[in-house]
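The exercises below are meant to be worked through with the sequence and the structure side by side. Each one sets a task and then gives a solution that goes step by step.

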Amino acid sequence: MDLSDRKKRILRAVIETYIDTAEPVGSKLIMERAGLNVSSATIRNEMADLEALGLLEQPHTSAGRIPAPRGYRFYVNDLMEEHRLSVQETERLNQALHLKMRELDRVIDEAGRIVSRLTRYPAFALSSGAQRLTIRRFDLLMVDQNAFIAVVMTDQNSVANKLFHLSHDLTESQLQMLSTLLNASFTGLTLEQMTPQLARMAAQAAQEAMDMISLEVSFAMEVLEEQQSRYVHTAGIDNLLSHPEYQDLSRAQPLMTYLAQAENLGAFPLPHDQSTSVLIGPENVHEALKDSSVVLATYDMGGGTKGVIGVVGPTRMDYATILARLRYLAGGLSRLFEQNQLPMERKEDF
């Protein structure tokens, strides 16, 4: 869209004033904020043109203008200046990044909390598992005549184990034969490939052996499924109530309910082509988000695993500041995972 310089300055002034005040913006305030040496009537005419282009809206005939979703999109793409983080902001983010956190869930949870505190909006953090995870190795360890421990290692070096109790006795040699069979037939397979392989083996193996094989393979499939799933954490949902747009509980409740359900947030697509993305108003597909905006930043957890930090709030949010904070935190998380300061290995107790 080709706008004159004056229209751009007026649109930017309207959006940034509305971000600060949450009140419709009039021509006199625009004169002060945009620094234009023109009359109020000229500014009103320009605002009327911006409204006709779908960039501004007028909630009431006698009121000033407010940004439309299309106006926010133009602002984010073409008008917004990059926000420079203050020393205090970078110090707080660095403190969060360098906590002695040892588990993936805790990393994600703390990332969401610090973002919510910094932005005063609800925040969420999630990770997606590796896209093609396989089992690298099976180990079976005898515990008793009718009990053994199964240990599986994925190709991402994650290890999980489980204690099995049987209704019959098992010899050490039988356990070793089972281990050899599993390593020969079920390593290097994805979750989707394991079920057909199990069916092919069922047509050949004896029933008693097949029962044992099914136990191990089912456990391996559980491990793969869990590590390929997304971990979702939310923080600061009640922060919505501190903003004018959500003072009315009838408006706030559907969004708060939506954010409280982890499966909704886990459905957000990971932006692969860029490190950050902004979804404004109707660009969000879910009805609960149609009057809100979502800002997302991705981070790399290594081994094919990606994570996302997101903020949800009114379309009036300060996009430049939020993008800067999310981008900084996501970059810091990526560096920590790259340096192996946050171990990814998950082990269960025997």
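## Exercise 1: Two helix pairs

H1 and H2 pack with their axes 9 Å apart and at an angle of about 105 degrees. In this predicted model, state how H1 and H2 are oriented to each other, and then treat H1 and H3 in the same manner.

**Solution.** Two packed helices are described by the angle between their axes and by the distance between the axes.

Step 1. Angles of 65 to 115 degrees count as roughly perpendicular, and H1 and H2 are therefore roughly perpendicular to each other. The residues that meet here are Arg9, Ile10, Ala13, Val14, Glu16, Thr17 and Asp20 on the side of H1, and Leu29, Ile30, Arg33 and Ala34 on the side of H2.

Step 2. For H1 and H3 the packing angle is about 85 degrees and the axes lie 10 Å apart, and these two helices are therefore roughly perpendicular to each other as well. In this contact H1 contributes Arg6, Lys7, Ile10, Leu11 and Val14, while H3 contributes Thr42, Ile43, Glu46, Met47, Asp49 and Leu50.

## Exercise 2: The length and surroundings of H1

Check whether the span of helix H1 agrees with its number of residues, and find what covers the buried residues of H1.

**Solution.** Step 1. Helix H1 comprises the 17 residues 5–21, which at 1.5 Å a residue should span 24 Å, and because its end C-alpha atoms are 24 Å apart, the two values agree.

Step 2. Lys7, Ile10, Leu11, Ala13, Val14, Ile15, Glu16, Thr17, Tyr18 and Ile19 of H1 are buried.

Step 3. The cover over the buried residues of H1 includes helices H2 (27–34), H3 (40–52) and H4 (69–79), together with strands E1 (56–57) and E2 (66–67).

## Exercise 3: Residues with a positive phi

Where do Ala22 and Arg120 lie, and what are the phi values of Ala22 and Arg120?

**Solution.** Most residues other than glycine have a negative phi.

Step 1. Ala22, which follows H1, is placed in the loop between H1 and H2. Its phi is positive, near 60 degrees, in a residue other than glycine.

Step 2. To decide whether Ala22 is buried, compare its relative accessible area of 14% with the cut-off of under 20%; Ala22 therefore counts as buried.

Step 3. Arg120 belongs to the loop between helix H6 (104–119) and strand E3 (123–128), and its phi is positive too, near 65 degrees.

## Exercise 4: A sheet with hairpins

Work out the strand order of the open sheet of 3 strands, and describe how strand E5 pairs with E4 and with E6.

**Solution.** Step 1. Strand E4 (residues 135–144) runs antiparallel to E5, with 8 bridges joining the two; they form a hairpin with 2 residues between them.

Step 2. Strands E5 (residues 147–154) and E6 (residues 159–165) are paired in the antiparallel sense over 7 bridges. These two strands also form a hairpin, with 4 residues between them, and Asn157 in this turn has a positive phi of about 70 degrees.

Step 3. Individual partners can now be located: Val151 of E5 has Asp139 standing opposite, and in E6 the bridge partner of Val151 is Asn161.

Step 4. The order of the sheet is E4-E5-E6, with antiparallel pairing. E4 and E6 are the edge strands, each pairing on one side only. On average, neighbouring strands of this sheet are turned by 20 degrees against each other, direction ignored.

Step 5. Helix H7 (residues 172–185) packs on the sheet, where it touches E4 and E5, and its direction makes about 170 degrees with that of E4.

## Exercise 5: The setting of Phe124

Which residues are in contact with Phe124, leaving aside its neighbours within four places in sequence?

**Solution.** Step 1. Phe124 lies in strand E3, and with a relative accessibility of 1% it counts as buried.

Step 2. Beyond those neighbours, Phe124 is in contact with His233, Thr234, Leu265, Phe268, Val294, Leu296, Val308, Ile309, Gly310, Val311 and Val312.

Step 3. Over a stretch of 138 residues along the chain, the C-alpha atoms of Phe124 and Ala262 are separated by 9.2 Å.

Step 4. For the protein as a whole, 62% of the contacts between residues at least 6 apart in sequence join residues at least 24 apart, and 49% of its 350 residues count as buried.

Terms used
Residues are numbered from 1 along each chain as its sequence is written. This is a predicted model: local features need pLDDT of at least 70, side-chain atom pairs count only at pLDDT 80 or more; totals for chains, interfaces and linings use all residues. Side-chain values use heavy atoms; hydrogens and water are left out. The expected span of a helix is 1.5 Å times one less than its number of residues. Buried means under 20% relative accessible area, exposed over 50%, partly exposed in between (1.4 Å probe, protein chains only). Contact means heavy atoms within 4.5 Å. Two strands pair if DSSP finds at least two bridges between them. Axes are lines fitted to C-alpha atoms, for helices over the stretch in contact, and angles run from 0 to 180 degrees between N-to-C directions. Angles under 35 degrees count as roughly parallel, over 145 as roughly antiparallel, 65 to 115 as roughly perpendicular and the rest as oblique.
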